[in-house]
Every structure is written in structure tokens, then in C-alpha cells.
Amino acid sequence: EEIVMVLFHVTYTALPGKAEAFLQAVREEGLLETIRKEDGCLGYDYYLSWEQPDQILLVERWRDSQAQKTHLAAPHMVRLGELKGRYIGETRVWSCTVEE
């Protein structure tokens with residue numbers, strides 16, 4: 001079996017009323033474009049919950065676990081961490097590898 005990608009399902013619980021402000025800050029600072037251009041990034045998308053307005057889902061797709069580890073060590077991730085500290089109360093991560 002060959003590993004096709006590593007999938008991350010990240011659920012953020014924003015501070016009350018701060019979900020859209022977090023996403024706007026990420027977009028305005030160019031972090032989405034920067035991350036999506038990283039070597040091994042196959043997808044990086046945020047989604048807002050219709051029923052739970054303070055919940056954000058981030059779906060990350062990476063070529064392999066090393067690409068994702070390199071992503072976490074990238075300098076721009078410090079800024080993302082600062083934004084999370086300002087807007088996000090809780091983070092939960094689930095991951096799996098997709099094989100073919």
C-alpha cells in the first residue's frame with residue numbers, strides 16, 4: 001500500500017464572537033496563500049459551522065507527515081500561533097493517512 005496523503009481535521013473553538021475575525025486576520029496577513037504554497041501542501045481550507053458559530057474546521061492535506069512537520073516549523077506559523085492566541089480558545093486535532 002502506498003500512502004497518498006496525510007489528512008488533518010482541526011477543530012477550533014473561537015472565543016465568543018471571534019471566529020470570523022480570526023479567519024479575516026489569517027486572510028489579510030496572507031497566511032493562507034503562504035501555507036498553500038508550501039512544498040507538500042495538497043489543501044488547506046477553513047470552514048465555519050452553520051450550527052455552532054464559534055466553531056471553525058480546518059482541513060489540511062499533506063503529501064506526507066514530513067511535509068506537515070516542516071509546515072509546523074515554518075516561520076509564518078509563529079504569526080498564526082499569535083492569532084490563535086488572540087481569537088481561539090480550544091484546538092482539537094485528528095489525523096489519518098490515506099492509502100491507495
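Two residues are said to be in contact here when heavy atoms of theirs lie within 4.5 Å of each other. The structure to which this term is applied below is a predicted model.

The overall architecture may be taken up before individual residues. The protein comprises four helices and four strands. Read from the N terminus, these elements follow the order β-α-α-β-β-α-α-β. The C-alpha trace extends over about 45 × 30 × 15 Å along its principal axes. The radius of gyration is 14 Å, which agrees with the value near 13 Å that a compact globule of 100 residues would have.

The contacts show how parts of the chain that are distant in sequence come together. Among contacts between residues at least 6 apart in sequence, 73% join residues at least 24 apart.

The division between interior and surface comes next. Of the 100 residues, 36% count as buried. The protein exposes about 6,300 Å², and carbon and sulfur atoms supply 51% of that area. As for charge, there are 11 positive and 17 negative side chains. The centres of these two sets lie 6 Å apart.

In the interior, the largest nonpolar core has 26 residues. Those with the most contacts inside this core are Tyr12, Phe22, Val26, Tyr44, Tyr46, Ile56 and Leu80. At least two core residues come from each of strand S1 (3–14), helix H1 (19–28), helix H2 (31–36), strand S2 (41–48), strand S3 (55–62) and helix H4 (76–87). Val26 offers an example of the packing: leaving aside neighbours within four places in sequence, Val26 is in contact with Leu31, Leu32, Tyr46, Leu80 and Leu83.

Strand S1 also contains two threonines that repay attention, Thr11 and Thr13. Is each of them buried or partly exposed? Thr11 has a relative accessible area of 17%, and because buried means under 20%, Thr11 counts as buried. Thr13 has a relative accessibility of 30%; this value falls between 20% and 50%, so Thr13 counts as partly exposed.

The contacts of these threonines can be set out in turn, not counting residues up to four places away in sequence. Thr11 touches Gln55, Ile56, Leu57, Glu90, Thr91 and Arg92. Thr13 touches Asp54, Gln55, Ile88, Gly89 and Glu90. Gln55 and Glu90 therefore appear among the contacts of both threonines, a contact being heavy atoms within 4.5 Å. For Thr13 and Gln55, which are 42 residues apart along the chain, the C-alpha atoms are separated by 4.7 Å.

Note on methods. Residues are numbered from 1 along each chain as its sequence is written. This is a predicted model: local features need pLDDT of at least 70, side-chain atom pairs count only at pLDDT 80 or more; totals for chains, interfaces and linings use all residues. Side-chain values use heavy atoms; hydrogens and water are left out. The radius of gyration is taken over C-alpha atoms; the globule rule is 2.2 Å times the number of residues to the power 0.38. Buried means under 20% relative accessible area, exposed over 50%, partly exposed in between (1.4 Å probe, protein chains only). Accessible areas come from the Shrake-Rupley method with a 1.4 Å probe; for residues, only the protein chains shown count as cover. Lys and Arg count as positive and Asp and Glu as negative; His and the chain ends are not counted. The place of a charge is taken as NZ of Lys, CZ of Arg, CG of Asp or CD of Glu. A nonpolar core is a set of buried Ala, Val, Leu, Ile, Met, Phe, Trp, Tyr and Cys residues joined through side-chain atoms within 4.5 Å.
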